[in-house]
Protein chains: 2
Amino acid sequence: MCPFLKQQIKQKHDMTLVKAYAAQAADKPLAPFTIERRQPGSDDVEIKILYCGVCHSDIHTARNEWGGTIYPTVPGHEIVGKVTSVGAGVSKFKVGDTVGVGCFVDSCMHCSNCEADLEQYCENGNTQTYNALSQDKTYTTLGGYSSHIVVTQHFVLSVSDKLPLEKVAPLLCAGITTYSPLRHWGVKAGDKLAVVGLGGLGHMAVKLAASMGAEVTMLSRSPGKEKDAAALGAKHFKLTTNKDAMVAMASSFDFILDTVSAQHDYNEYLGLLKTNGVMIIVGAPPQPTPVSAFPFIMGRRSLVGSLVGGIKETQEMLDYCAEHNITSDVEVISAAQINEAYERTLAGDVHYRFVIDMATL
Amino acid sequence: MCPFLKQQIKQKHDMTLVKAYAAQAADKPLAPFTIERRQPGSDDVEIKILYCGVCHSDIHTARNEWGGTIYPTVPGHEIVGKVTSVGAGVSKFKVGDTVGVGCFVDSCMHCSNCEADLEQYCENGNTQTYNALSQDKTYTTLGGYSSHIVVTQHFVLSVSDKLPLEKVAPLLCAGITTYSPLRHWGVKAGDKLAVVGLGGLGHMAVKLAASMGAEVTMLSRSPGKEKDAAALGAKHFKLTTNKDAMVAMASSFDFILDTVSAQHDYNEYLGLLKTNGVMIIVGAPPQPTPVSAFPFIMGRRSLVGSLVGGIKETQEMLDYCAEHNITSDVEVISAAQINEAYERTLAGDVHYRFVIDMATL
């Protein structure tokens, strides 16, 4: 028998059917669907999902806005749950442990980036938690809008039971996406840091940067966000629509953490950096954005990007958040509310992350 | 008497007339002109200029292409000469010393950047060598296309007599502009570094990076430059017009040093950087250039700028070049050839820097 076919049949036999919410096409709402999860192999951890956060990427994928979505697709990469089964080779976890899964569930494990704990930049392409090809190229991953998931132990994170788990789930994407660049570029006590955009990423950026001792300024176009920004830990709030305020902030920040995915002008912000200042982009506007060479050259400024974080750093972030009592501000929804939650996310009507309670599946 | 008027009259009395080449208007060629230099004050060094390099900035200023040129203007900020007189408070230099002057001749000396030896980023605005207001705001500086210049000792550099002085002059701008970012971002032996553009800056970038042990690739649109690039120290030469070659270079460089001032697309280059790679721009295209967020985010890449170097680092660069026998490739011209040299510079017809022999003034 053809080894490939044999493998497929073996897989079919080793599969468990679990409940999920899936999009069947770009123009279809998400709806209940049954998917297959593999039986845990030697290195696998089977997780009963308790909560899954709703990230903007989920919407892009469900609606095929980035292209390449394979239907049916099950989004979700901010996963918190309990271990229900482990393979014989699993040493990191035992049944009953509280665990998390973030944006990717596998990588090549041998390229220089994987060896440097930077699996997010795996040179051979990591396997994202949903809509990605498995490392053995035999199936497409299905994400956290489901009752269970099976993940190889290296990509499973330990989650403290100290914090409310529904508020921990978004740390697996929004938390690490903002924590990693703050650490990588060495944000420290006393640094002046501006956060652009107060959404799922932005609210974590404010909390985390403030917890590290940075003096945080929220830059926003919405006057209504001032009170929230202060409550999250921002010392200052400035409207980017106020030209005088923008001029007065010239050359005043060590860092700008730009969380906005909508089209916007980087040049408005680059000049706000001090000499040697760093502007970090974690949101990806769909179209290229013009930048002038002058603010770079005249102040040795940097424009940099950052993508989530590696597994080691994600664990460090979870431990840090448990120690410093940092969680996401969430609105818990039932699975049936997911389509409405997508619309409200797109309208910016969420403070600051929807999280699905998987008990409602 | 009004103190300001008194000061002006005093200045007039303390002036020496010296020969120069000046532009009288944006649309006029440079021509012989007599200018005034102050008598050396206590901290001043009077320098007889032997050679002055011709930088593209000189042309922009002479022709008012950046706006703000005050006529008559005397360009020139790649100055090498001999000390002819020093003020009573000068300890760094004595008559007969070989010295250099670069892109700026004064700064506030007390802002945090000046105190950190980053006078090039003086927060109160440094005084550039030509077409800039003096720190006391009483006159506009006139540059190195002249027989003498008087500069406060802090901004005067020691030049070794080991190297041919006409080839040292361009180090004061083209040399330090490329040396400083290589040092600041820590380019080291074994790093893979691409240089974009082979002109005055680019040829110094290749020499300096190669001297530091980097494996240099020259990226160019001109097949004719391959031989020169190799002679300067580039190990590889790739045509940016060759799409296959560009694809093959994806994620392969630790650094890109982009010396091109003409309009070009940064996106073509950003993806050539490895994870954590840094693209350094030292040329300033006149218009903003669109950049996509994806290469930044997907590889934690950086786009950064750099402006010449501080006085301390410029001295370090001159000492380094003397030690490693690094100079600029120059074509020495007489002062009367300056207008022709401008045209040839604009046409890219120079290998790689024109230098005026001031004995011809």
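How many residue pairs are in polar contact across the interface of chain A and chain B? In this predicted model, where local features need pLDDT of at least 70, side-chain atom pairs count only at pLDDT 80 or more, and totals for chains, interfaces and linings use all residues, the rule finds nine such pairs, both residues at pLDDT 80 or more. A polar contact is a pair of N or O atoms within 3.5 Å; within protein, one must be able to donate a hydrogen and the other to accept it, and residues adjacent in sequence count only if both atoms are side-chain atoms. Residues are numbered from 1 along each chain as its sequence is written, chains are lettered from A in the order in which they are written, and side-chain values use heavy atoms, without hydrogens and water.

Salt bridges (a side-chain nitrogen of Lys or Arg within 4 Å of a carboxyl oxygen of Asp or Glu) number zero across this interface.

The elements of chain A that each supply at least two residues to the side touching chain B are tabulated below. Helices (H or I, at least four residues) and strands (E, at least two) are DSSP runs, numbered from the N terminus.

| Element of chain A | Residues |
|---|---|
| α5 | 174–184 |
| β14 | 273–281 |
| β15 | 289–291 |
| α10 | 293–299 |
| β16 | 302–305 |

Of these, α10(A) gives the most, with six residues.

Strand β16(A) pairs with β16(B), residues 302–305 of chain B, in the antiparallel sense over three bridges; strands pair if DSSP finds at least two bridges between them. Within β16(B), S302(B) is the bridge partner of V304(A).
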